[in-house]
Amino acid sequence: MVWLTQLALLPLAASALHLRASDVDRRALLRTVGGTVGGTVAAPLLHSAPALAAGAGPVLKLNDGTAFPAVSFGLQVYDDNAAYKYTMLALECGYRNFFASVLAGNQRGFGKAVRASGIPRSDLYVCGSVLSNRARGFDAAYAASKRGCDENLAALDVGPLDNIMLDYPGAPPACGDADSIAGQWRALEAMKKDKAVRSLSLSNFSPGQLDYVLALDGVVKPTVNQLPLGVGFKTKQNAYLLEENRKRGIVVQAWSPLRVLSPEAKKACADVGKPYGKSPQQVALKWILAKGATYTCQTTSKAHFLEDIDVDDFTLSAKDVAALDAVGA
C-alpha cells in the first residue's frame, strides 16, 4: 500500500535544534517526496471532554486547561482548492483538530471548508501558524509576528482561533537568540490579550529555546511544541525531547510520524500490530499516543484518513512499547 506521509525534519542534535532559515520551506520539500504529510507531551488523556471529543479520538488537556484532540489533520502541501476538498473529507472522516500551516499558503481554502461544512465552529479545534524566523532583534521579530497573526485571522476567517503556532525560532543565522524569540512570543501574547486566540504554541523549539520563552516576565506559557517524532527516528533524541518538554508541561505534537519510519521500524510495527489486526502505521501512531504525545497527519486518501484516526480501540502493552522504544537504539 502506498503510504503518503510527511517529510522528516532535518537532523537534530540531542542537546539543541539547529534550524536555519534555509531549512524552513517544508512545502517545497514535501512536494519532492510525493507530497502528503504525517504529523504533545505529558498531559493526561481525557476520556470525556467538550464537543471537541466527538469523532476526534482521544483528547488531551493542555497546560492552560483547554481540550486538545490528539489526532490532527495538518494542511501542508495543498493549494486552496485542494485544501477545501480534503478538509471536507477529513471532517467527514471525523477529524476535529486542524493545523493550517502558513507555509502551505492554503489557509483560505481551509477556512472556506470550515464555513461550508455546517459543523459548529465550537466543535472544531483550529490552529494557525506564524513564520517570522527571519526577523532579527526584538522589534523586527515582534512586527513580523504581529503581521503574521493578523494575516492568519484574515486568511482563515473562522473567528477567533483555538491556537496559534510560532513556526521556528528567530533569527538567522543564529536560529534562536533570546531577543528575537522574545519579540516573536510577545506578539503572540498580544493576539491572546486581544481575545483573537485561546492558546499559544510553537514548533521546532529546542529545550534551550523553550527556556528563552519561559523566562519572560509574566509569560503566557506555550501549550504545544510541534516536533519530528516517530518509532526508531533518532531514538535517543525522541526520548530526550519528550522528557524535556514533559518537564516543562508542554505537549509534543509529532509532525512527521510516518515519513520518518525506517524499514526496521515498519517491520517492528508490523510485528506488534499483527495480534491487534492493526497496520504498521496505526501501531506507529499509537506508540506516539502511548508516549504522551499527539500527532498531525496529511493524506489525499479517505482510507488513510480513516486509518490514521482509527487507533482508539487497542492498547499497546508495556512489552510492545518497550520493543518499539528499542528500535534504532
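This section describes helix packing, backbone geometry and residue burial in a predicted model.

Helix H3, which spans residues 107-116, takes part in two packing arrangements, one with helix H2 and one with helix H4. Helix H2 comprises residues 80-92, and its axis comes within 7 Å of that of H3, the two crossing at roughly 40°. An angle of this size falls outside the range under 35 degrees that counts as roughly parallel and short of the 65 degrees at which roughly perpendicular begins; H2 and H3 are therefore classed as oblique to each other. The crossing of H2 past H3 is right-handed. On the H2 side, the contact involves Asp80, Ala83, Tyr84, Thr87, Met88 and Leu91. These residues meet Gln107, Arg108, Gly109, Phe110, Lys112, Ala113 and Ala116 of H3. Sorted by class, the residues in the contact of H2 with H3 are seven nonpolar, three polar and three charged.

The second arrangement joins H3 to helix H4, which is formed by residues 138-156. Here the axes are 7 Å apart and the packing angle is about 45°. H3 and H4 are therefore likewise described as oblique to each other. From H3, the residues that make the contact are Gln107, Arg108, Phe110, Gly111 and Arg115, while H4 supplies Asn152, Ala155 and Leu156. The class composition of the contact of H3 with H4 is three nonpolar, three polar and two charged residues. Gln107, Arg108 and Phe110 of H3 are thus listed both in the contact with H2 and in the contact with H4.

Backbone geometry was examined at two loop positions. Asp157 adopts a positive phi of about 55° although it is not a glycine. This residue is located in the loop that links H4 to strand E7, the latter covering residues 161-167. With a relative accessibility of 43%, Asp157 is assigned to the partly exposed class, because that class covers values between 20% and 50%. Asn204, also not a glycine, has a positive phi of about 65°. Asn204 belongs to the loop between strand E8 (197-203) and helix H6 (207-214). In contrast to the partly exposed Asp157, Asn204 is buried, at 0% relative accessibility.

Several buried residues lie close in space to positions that are separated from them along the chain. Ile181 is situated in helix H5, residues 178-193, and is buried, its relative accessible area being 0%. A distance of 5.9 Å separates the C-alpha atom of Ile181 from that of Pro169, twelve residues away along the chain. Leu241 is part of helix H7, which runs over residues 235-247, and is buried with a relative accessible area of 5%. Leu241 and Ser206 are 35 residues apart along the chain, and their C-alpha atoms are separated by 7.9 Å.

Two further buried residues are found in loops. Trp255 occupies the loop between strand E10 (251-254) and helix H8 (263-273). Its relative accessibility of 2% places Trp255 among the buried residues, and its C-alpha atom is 6.3 Å from that of Gln226, a residue 29 positions away in sequence. Gly292 lies in the loop between helix H9 (280-290) and strand E11 (294-297). The relative accessible area of Gly292 is 18%; Gly292 therefore counts as buried, the cut-off being under 20%. The C-alpha atoms of Gly292 and Val252 are 8.0 Å apart, with a separation of 40 residues along the chain.

Cysteine residues were also considered. The structure contains zero disulfides. Cys127 is buried, with 5% relative accessible area, and Cys297 is likewise buried, with 2% relative accessibility.

Technical notes: Residues numbered from 1 in each chain as written. Predicted model: local features only at pLDDT ≥ 70, side-chain atom pairs only at ≥ 80, totals over all residues. Heavy atoms only, no water. Axes fitted to C-alpha atoms, helices over the stretch in contact; angles between N-to-C directions. Helix = DSSP H or I, 4+ residues; strand = E, 2+ residues; numbered from the N terminus. Parallel < 35°, antiparallel > 145°, perpendicular 65-115°, else oblique. Left-handed = near helix turned anticlockwise from the far one by under 90°. Contact = heavy atoms within 4.5 Å. Nonpolar A, V, L, I, M, F, W, Y, C, P; charged D, E, K, R; others polar. Buried < 20%, exposed > 50% of the residue type's maximum accessible area, 1.4 Å probe, protein only. Disulfide = S-S within 2.5 Å.
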